[in-house]
Amino acid sequence: MSETLALLKEGVDASKLLQKAGEVLKLNEKDGFIMPDNGYYDGAWLWDTGFIVMGESYLEPEKAANRLLNFVKKAQWKNGFIPHILYFNEKAISHSFGPEYWDIHRSPDAPANTFTSGITQPPVLGFAALKVYENLRKRDSEKAKDFLREIYPPLLSYHRYLYHKRDPEESGLVSIYHPWESGLDNLPAWEDVLVNIDVTKNQTNEVIKGRKDIKILTEKMIVEGLEYREAYARACEMRPTNSDYARYIYLLRFLRDRNYDDSQIYNEIPFNVKDTLFNSILYVSTESLLEIAVYFKKEEDIKELEKYLKKQKDGLEKLYDKESGLYFDFDLYNQKYIRRRTISAFAPLFAGVANYYQAKNLFKILVNEGVVAKNSLLLVPSTLRSDKKFSTCNYWQGPVWLPTTWLVIRGFEKTGFFKEADLLKESILDLIGEKGFFEYYNPETGEGLGMREFSWTAALAIDLFNS
Ligand code: 9WN
């Protein structure tokens, strides 16, 4: 065990770190929501919000419950859909593409007077709600019950939207329409699908002008002492490329031009993927909804939710590839598996779908092909080293992120690999203790990358410390 962790375990640095984590969440609060960081990401993101309220619920459960309720109430569309960004107003100065790009009010389902994106993100809200409930119950069981009663119907209608509109062929697996919906924006897997999309030079040039993310990141590094050219080069190294972005915008327009109407989109969109990570997360959130339905004795809902789960489990099992020992996403548009070595391959552990032998093998792969940092602790990279796109600093192409690390830790726990899960937990907490709450980290040097004082890093550290 490393020195930092030993200190953390003794409770010396732990209390400091937890206090600091709480401060990060406060720092990033705006209009009653918690932004991913202090302003670069201007809005409330879906899966960030889920993870954030889980961590916050250990500190201030009532606040966390209200925050989650407000997010869902404000962001949800009339057809149950929950978007990946809730903007605070029409003029959000987002680092990327703001409300005007989405123009969501073309859809009759969009909420009036609210500005959101038109795509979703990994549906963590079901299990996040259950965690918030558990922590609130310790303080006030009546309030906890009221929270559950209020959050259940909108979440059920979100899941119904996903199971029906995103899986009309009833395969059990729901589809995503955009790399941003996966939450793992530039995962190497997506390049195999995005090749379907031809973008012109003009379209790429137009994107370059709109890339506030590179501009803001460059300015931040200049403030930290780098020269313009170096800062700009580093910013480009850490983020998706211009041609990725041109394709993101192509897909965004594809959805917008069809008024976000799934019946016009599903069979035509060139990015239609049965994503392992998205489906594993949905599976666990549906299990949580089932638990709530049982609690409130909702007989019809119980049958419905059990049906979704059974089909989805069968679907997830079909994504297993015996030869490599990994789970692969399925590209529905091109009818083929996407054989890339990414963190999504481990997500069925979290769903509890991977069996003992698969889990054992997955851990072996992580040790052999994952990244062992210099202090010999084991970090979970977003893309495995053996994938041809592996990079130590480019966004989801190798760097270590908290949400994916958390999913893998909880996944090994679910399959009974507690020692292995503990090693991963200790490694990541050690890294955070040493470096602080970064957006992501270089898996070899541990260097913090992207934005600082990042909300989900702080929130999930709180969760990992507590359970
Ligand atoms: C696009 C907020 C979000 C995360 C995503 C992460 C990144 C946005 C971007 O930041 O995505 O949605 O422009 O980089 O990839 O997982 O939710 O933290």
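**Cavities, pockets and the ligand site**

Good morning. I begin with the lining of the largest cavity, which by class has 14 nonpolar, 5 polar and 4 charged residues. Here Ala, Val, Leu, Ile, Met, Phe, Trp, Tyr, Cys and Pro count as nonpolar, Asp, Glu, Lys and Arg as charged, and the others, Gly among them, as polar.

The model is a predicted one, in which local features need pLDDT of at least 70 and side-chain atom pairs count only at pLDDT 80 or more, while totals for chains, interfaces and linings use all residues. Residues are numbered from 1 along each chain as its sequence is written, and side-chain values use heavy atoms, with hydrogens and water left out.

A word on terms. On a 1 Å grid over the protein atoms alone, a cavity is a set of points where a 1.4 Å probe fits but cannot get out; a pocket is an open set with protein on both sides within 12 Å along at least five of seven lines; and lining residues have an atom within 4 Å of a point. Grid points are joined across faces, edges and corners, and a volume is the space filled by probe spheres set on the points.

The structure holds 5 cavities of 30 Å³ or more. The largest cavity contains about 260 Å³ of space. Its lining comprises 23 residues, and Tyr41, Trp45, Gln121, Asp185 and Tyr395 are the closest to its centre.

Where does the ligand sit? The ligand occupies the largest cavity, in the sense that more than half of its atoms lie within 2 Å of the grid points. Around the ligand are 17 residues, the closest being Asp48, His95, Gly183, Asp185 and Tyr395; a residue counts as near if one of its heavy atoms lies within 4 Å. By class, this shell has 10 nonpolar, 4 polar and 3 charged residues.

Three contacts involve an oxygen atom of the ligand. A polar side-chain atom of Tyr395 lies 2.3 Å from such an atom, a backbone N or O atom of Gly183 lies 2.6 Å away, and for a polar side-chain atom of Trp396 the distance is 2.9 Å. On its own the ligand has 410 Å² of accessible area, and the protein covers 100% of it.

I turn to the pockets. The largest pocket has a volume of about 380 Å³. Among its 16 lining residues, Phe127, Val284, Phe350, Trp406 and Lys414 lie nearest its centre. This lining has 6 nonpolar, 2 polar and 8 charged residues.

The second largest pocket has a volume of about 290 Å³. Its lining residues include Tyr163, His164, Glu304 and Lys311. By class, there are 3 nonpolar, 3 polar and 5 charged residues in this lining.

Thank you.

Methods:
A polar contact is a pair of N or O atoms within 3.5 Å; within protein, one must be able to donate a hydrogen and the other to accept it, and residues adjacent in sequence count only if both atoms are side-chain atoms. Accessible areas come from the Shrake-Rupley method with a 1.4 Å probe; for residues, only the protein chains shown count as cover.
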